[in-house]
Amino acid sequence: MSAKNKSKMFKNIPTIAIAIMLLSFLGSCKKEVFSPELTKEISIQSTANGATYDIKVGLPANYEPGVEKYATIYVLDGEENFDFVSNQCKAISDKNVVDNVLVVGIGYGKDRSIDYTPTKISSATGGATEFLNFIETQLIPEMEEQFGVDTARSSRVILGHSYGGLFGANVFCIDNELFGNYILLSPSLWFDDLISLQLEKAYREHNKHRSQLVFMGIGAAENLGRMQAPFEAFYQTLRDNYSDIRLAKNREEDLDHMGSKEPNIVKGLNYYFQNR
Amino acid sequence: MNLLKYLLLFFALMVSFPGVAQKEMATASDKHAPVVRLLTIEPAIGIHTNFGIDLLLTNMIQWNPYKRLSLASYSSYNINNITQRNFNHIKTNYNYSINQKFGVGTSFYFRKITHTFLLMAGVKYTSYKETLDSADFEKTGVAIDALSPDYGLMYSLKWGRKKCFFTVRTYLPLYPWPTKGSNPLYLDGNMNNISLELGVGIKIR
């Protein structure tokens, strides 16, 4: 190759590389959507806090409520996570040839910082009690009445990420009879002086003999000095004190708070389907 | 997401732009000609865009074998999360990372300023430990050591005409996108890890 051609080649390498990256990036921005034919949408106004929650329900293919009773996954941050969780549930149930579940995506009513946090440490926190009341007294009964879902505790799953994971961990502690399965992803267990660990300790005797499934996930790159140690402490507490628990954790390599969400959702759902 | 698109478009435009550099090297007597540096060493200090809680100590060696071809070696030692080492009974025992990257790109020369755009790739070693230490709970520690790929886009600006010059650079990390996944969520944390560095460079040749 002549010197002139070599020089020309070197000049073009950065342009070509960046063009490839641009095309890859722009192509990857498309969001996957769950099948509209299998999605029902309803709105429910909470009597506890007055907010109206948009609920999306993802149905299994060949949905037969009169014949089958379906397990239900209640997904927090439903507006972000409903489609992904619904698609993954379908894929996992198809691959393993097992019964699929109903996926209930809970939209935002009040701000998520209010709905998902247990105590009022600022003006934008502390509404979890009312939000839980909405789920327990309005949303779940609505699902049972309108969609014929299984009413057993062991058939209900709650899935949450970040503040949603915090909410799920606190429901585990204070209202353990409501859900039998918990998928807690990058949970904000540092919140309000480790209140989740305090609640677990306070309610342990009440909960520790009950059967449950808990999957905890986090990103290994979540290194802001507040996530890893409480996550590990909560996991070890469950491992050491709960006699009838199916428990697993995953630390997703090289991924941070948002990057680890979807890989951990996949691992959490797989764990649930394989161990329910 | 939009910011990232604009940054990538900016880089694509800049490397496509023909530039206005002279074909001949500047001579000592040619005051208006662009300064072309063939070999430089550029130490700098910097922060990340995560509210500036990381401190970066960095050095870049840049070699231009041809005027428009730039090769670089970049090394850094980062002290991470300096401002939140003790939070809610959660103590950070240590938190640092070490980077070594090599890059290829191009430079555009103006009278006092040189713009360099580089594609960088290398490795990053991150090590940190957190301990939950509260009288109410059992003491729990977590130590994480990780060696990971590190690739992304770097922009460097050199300002000055003499042997010593000011240098400003920024690095946009791209890993783990798209190798671990093509979802733009994988880039979310990277927005907080864009580096901003300021230093003084020395022209060797």
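Start by colouring chain A: of its 276 residues, 46% count as buried. Keep in mind as you look around that this is a predicted model. Switch to a cartoon view and you'll find eight helices and eight strands in chain A. Among contacts in this chain between residues at least 6 apart in sequence, 72% join residues at least 24 apart.

**Stop 1: the sheet**

Now select the strands of chain A. Eight of them form an open sheet, and if you walk across it the order is β1-β2-β4-β3-β5-β6-β7-β8, with mixed pairing. Which strands sit at the edges? They are β1 (39–45) and β8 (245–252) of chain A, each of which pairs on one side only. Turn the sheet a little and look for its twist, which averages 15° from one strand to the next.

Zoom in on β5 (residues 156–161) and β6 (residues 181–185) of chain A. These two strands run parallel, and five bridges join them. To see one partnership up close, pick His161(A): its bridge partner in β6(A) is Leu185(A).

Next, bring the helices back. α5(A) packs on the sheet and touches β5 and β6 of chain A; the helix direction makes about 140° with that of β5(A). Then find α7(A), which also packs on the sheet. What does α7(A) touch there? Its strands are β7 (212–219) and β8 of chain A, and the direction of α7(A) makes about 160° with that of β7(A).

**Stop 2: helix α6**

Select residues 191–207 of chain A. This is helix α6, and it has a kink of about 35° centred on Lys201(A). Show some side chains too: Phe191(A), Leu194(A), Ile195(A), Ser196(A), Leu197(A) and Glu200(A) are the buried ones to look at in α6(A). What covers them? The cover includes α5 (163–174) and α7 (228–241) of chain A.

Stay with α6(A) and α7(A) for a moment. They pack at an angle of about 10°, with their axes 10 Å apart. Angles under 35 degrees count as roughly parallel, so that is what α6(A) is to α7(A). Where do they meet? On the α6(A) side, highlight Leu194(A), Ser196(A), Leu197(A), Glu200(A) and Arg204(A); on the α7(A) side, highlight Pro230(A), Ala233(A), Phe234(A), Thr237(A) and Asn241(A). Colour this contact by class and you get five nonpolar, three polar and two charged residues.

**Stop 3: backbone oddities**

Most residues other than glycine have a negative phi, and most peptide bonds are trans. The next picks go the other way.

While you're still on α6, click Asp192(A), which is found in that helix of chain A. Asp192(A) isn't a glycine, but it has a positive phi of about 45°. Is Asp192(A) buried, exposed or partly exposed? Partly exposed, because it has 17 C-beta neighbours inside 10 Å.

Move on to the loop between β2 (52–58) and β3 (72–75) of chain A, where you'll find Asn62(A). Asn62(A) is not a glycine either, and its phi is positive at about 55°. Asn62(A) has 9 C-beta neighbours inside 10 Å, so it counts as exposed.

Last, hop over to chain B and select the loop between β8 (164–173) and β9 (195–203), where Pro176(B) lies. The peptide bond from Tyr175(B) to Pro176(B) is cis, with omega near 20°. Pro178(B) is found in the loop between β8 and β9 of chain B too. Check the bond leading into it from Trp177(B): that one is cis, with omega near -10°.

Conventions. Residues numbered from 1 in each chain as written. Chains lettered and ligands numbered in written order. Predicted model: local features only at pLDDT ≥ 70, side-chain atom pairs only at ≥ 80, totals over all residues. Bend = angle between axes of the 7 residues up to and from the residue. Helix = DSSP H or I, 4+ residues; strand = E, 2+ residues; numbered from the N terminus. Buried ≥ 20, exposed ≤ 12 C-beta atoms within 10 Å, placed from the backbone. Contact = placed C-beta atoms within 7 Å. Axes fitted to C-alpha atoms, helices over the stretch in contact; angles between N-to-C directions. Parallel < 35°, antiparallel > 145°, perpendicular 65-115°, else oblique. Nonpolar A, V, L, I, M, F, W, Y, C, P; charged D, E, K, R; others polar. Pairing = 2+ DSSP bridges.
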